[in-house]
Amino acid sequence: MKRFPLLFLLALAACNTDKETSTVEIEDPASRIYEYTPAPGQFINSSDAGFPDTPITTPAEATVYATERLANGLYVSLGGWGGYLVAEFDQPVPNTGGYDLYVIGNTFDGSSEPGIVWVAQRVQGAPGTWYQLRGSEYDNAETLHGYEITYTAPAQAREPVAWSDNYGHTGTIDRIGVHTQESYVPAWVASLTYRGTRLRDNVRYDEASGKYIMQPFSWGYADNYSMIDRLGMKNRFRIADAVDERGEAVHLPQIDYIRIQTGVNTKAGNNVGEISTEVCGVGCYRTVTRTE
């Protein structure tokens, strides 16, 4: 009787010898939206972008809105230059040296609205230092690092939103006819000053078609019709491309947060309006072991 458990285990092991173990790569969506801080734009507060009838007035309400939109595969607009969204992973994403992250946009040929991607590690339950992921335009002479812009909410409803930057330039987020909501300004954002990296303008007018073309950058940006890092609507990113504020490579063994930020400060005519990065999904690639 004392040998029965051992015999049973030996028999069970023999029954399992034909099972095979393999490793596969899977897509793992981000666990939650940590922050949604868009800049002013035509889709902010718009019913076309799924905003509720009752205005969003708190950051918590904004993250609920963004979470529900992305869970249903719908876009979330980051507004004009500097607007951003932060997603969090419940398990750290390892740096494999290859593609570790992806962002789903709504780009198509002729319509790229590039967003810069940043990553951070968790420090006491919150993002620590943010590191930019180098893209093809990082060293371009027209790329402005340390760029800053301040938007001013208009005094009257249904008015353009003025902006000024730290290079002495000014401009507006214009009203677009189909977006008739009272305000293009996110009421839950306490400060309308945004900081980051500004990419060169990517809009040109095509006289043959009479359309404005939003040209893609080569690689390294969200919502970008890249021929290098794009698979369908996904742009893929490497943690290994992280750089510090001096542009020097940083080795991060893993990350916990990803931030996508509108990178171009320009607009197009024909009621296109401001160039605003849109996000439809955020996630990472993980290698898992399966036994079959």
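## R259 and its two rings

In this predicted model, the charged end of R259 sits over the ring of Y84, 5.5 Å from the ring centre. R259 also lies over the face of W130, and here the distance to the ring centre is 4.6 Å. If you have the structure open, R259 is a good place to begin, with Y84 and W130 as the rings to display beside it.

## Aromatic pairs

How many aromatic pairs does the structure hold? There are twelve. One of them joins F217 and Y221 in an edge-to-face arrangement, with 5.7 Å from centre to centre and 70 degrees between the planes. Are these two residues buried or exposed? F217 has a relative accessibility of 2%, so it counts as buried. Y221 is buried too, because its relative accessible area is 1%, and the cut-off for buried is under 20%.

Ring pairs also build a cluster, whose members are Y36, F51, Y65 and W188.

## The six-stranded sheet

Turning to the backbone, six strands make up an open sheet with antiparallel pairing, and their order is β2-β4-β19-β6-β9-β18. Which strands stand at the edges? They are β2 (32-37) and β18 (242-243); each has a single partner strand, so one side of each is left without a neighbour in the sheet. Helix α2, spanning residues 59-71, packs on this sheet and touches both β2 and β4 (84-94). The direction of α2 makes about 120 degrees with that of β2.

Further along the order, strand β6 (residues 115-120) runs antiparallel to strand β9 (residues 131-133), and two bridges join them. Across this pairing, W118 stands opposite Q132 in β9. As background, strands of a sheet pair through backbone hydrogen bonds, either parallel or antiparallel.

## Q181, a buried loop residue

Where does Q181 lie? Look in the loop between β12 (170-173) and β13 (193-198). Although Q181 is a loop residue, it counts as buried because its relative accessibility is 13%, and the cut-off is under 20%.

What does the side chain of Q181 reach? Its partner is the backbone oxygen of Q42, at 2.8 Å. Leaving aside residues up to four places away in sequence, Q181 touches Q42, F43, I44, N45 and S46, together with R158 and R175. Q42 therefore appears in both views of Q181: as a residue that Q181 touches, and as the owner of the backbone oxygen that the Q181 side chain reaches.

Key
Residues numbered from 1 in each chain as written. Predicted model: local features only at pLDDT ≥ 70, side-chain atom pairs only at ≥ 80, totals over all residues. Heavy atoms only, no water. Helix = DSSP H or I, 4+ residues; strand = E, 2+ residues; numbered from the N terminus. Buried < 20%, exposed > 50% of the residue type's maximum accessible area, 1.4 Å probe, protein only. Polar contact = N/O pair within 3.5 Å; in protein donor to acceptor, adjacent residues only side chain to side chain. Contact = heavy atoms within 4.5 Å. Pairing = 2+ DSSP bridges. Axes fitted to C-alpha atoms, helices over the stretch in contact; angles between N-to-C directions. Phe/Tyr/Trp six-rings, centres within 6.5 Å; stacked < 30°, edge-to-face > 60°. Lys NZ or Arg CZ within 6 Å of the ring centre and 35° of its normal.
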